[in-house]
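Hi,

Here is the structure I promised to pass on to you. Have a look at it first, and then read my notes below with it open beside you.

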Amino acid sequence: MDAEKMKKLPKQLAISHFFEAIIAFRAARKRGKNPILYFILTQVFGIFVLIPLMRKPKLEKRD
């Protein structure tokens, strides 16, 4: 790989993990899980935490 691309890679990973963590936060709240925990876990492990979370069923809304 080019040296310039290698320098940009950590920044791109940090940005993508941040946006994944925001998605995980909202998804965890809808599924009755701890949103802060999933935010942090997704910051560290990325998509490997987000995909299993998204496969869990959402909670039903109460009237």
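Let's start with F19: its relative accessibility is 52%, so F19 counts as exposed, the cut-off for exposed being over 50%. Before you go further, keep in mind that this is a predicted model. You'll find F19 in helix α1. Its C-alpha atom is 9.6 Å from that of G46, although F19 and G46 are 27 residues apart along the chain.

Now try H17, which is in helix α1 too. Is H17 buried or exposed? H17 counts as buried, because its relative accessibility is 17% and buried means under 20%. G46 turns up here again: the C-alpha atoms of H17 and G46 are separated by 5.5 Å, with their positions 29 residues apart along the chain.

There's one more pair of this kind to look up. Q43 belongs to helix α2, and its C-alpha lies 8.0 Å from the C-alpha of A14, while in sequence the two are 29 residues apart. Q43 has a relative accessibility of 28%, so it counts as partly exposed.

Next, the surface. Which residues make the nonpolar patch? They are I36, I40, V44, F45, I47, F48 and I51, and together they form a patch of about 730 Å². Two helices, α2 (35-45) and α3 (47-55), each supply at least two of the patch residues. The most comes from α2, which gives four. I36 is a good one to click on: this residue sits in helix α2, and it counts as exposed because its relative accessible area is 54%.

There's a charged patch on the surface as well. R26, R29, K30, K58 and K61 gather there, and the charge of the patch is positive. Take R29 as your example from this group. R29 is located in helix α1, which covers residues 3-30. With a relative accessibility of 54%, R29 counts as exposed, so it passes the over 50% cut-off.

Last, something from a record. The UniProt entry, which is unreviewed, places a "transmembrane region" at residues 35-54. What does the chain look like over residues 35-54? In the model, that stretch is 95% helix and 0% strand. The C-alpha atoms at its two ends are 13 Å apart.

If you want a route through all this, begin with F19 and H17 in helix α1, go on to I36 in helix α2, and finish at the positive patch with R29. Send me a note if you get stuck anywhere.

Cheers

Definitions and conventions: Residues numbered from 1 in each chain as written. Predicted model: local features only at pLDDT ≥ 70, side-chain atom pairs only at ≥ 80, totals over all residues. Heavy atoms only, no water. Patch = residues over 30% accessible without salt bridge, like charges linked within 9 Å, V, L, I, M, F, W, Y side chains within 5 Å. Areas by Shrake-Rupley, 256 points an atom, 1.4 Å probe, with all protein chains shown as cover. Salt bridge = Lys/Arg side-chain N within 4 Å of Asp/Glu carboxyl O. Buried < 20%, exposed > 50% of the residue type's maximum accessible area, 1.4 Å probe, protein only. Lys, Arg positive; Asp, Glu negative; His and termini not counted. Charge placed at Lys NZ, Arg CZ, Asp CG, Glu CD. UniProt positions renumbered as here; feature names shortened; annotations may be inferred.
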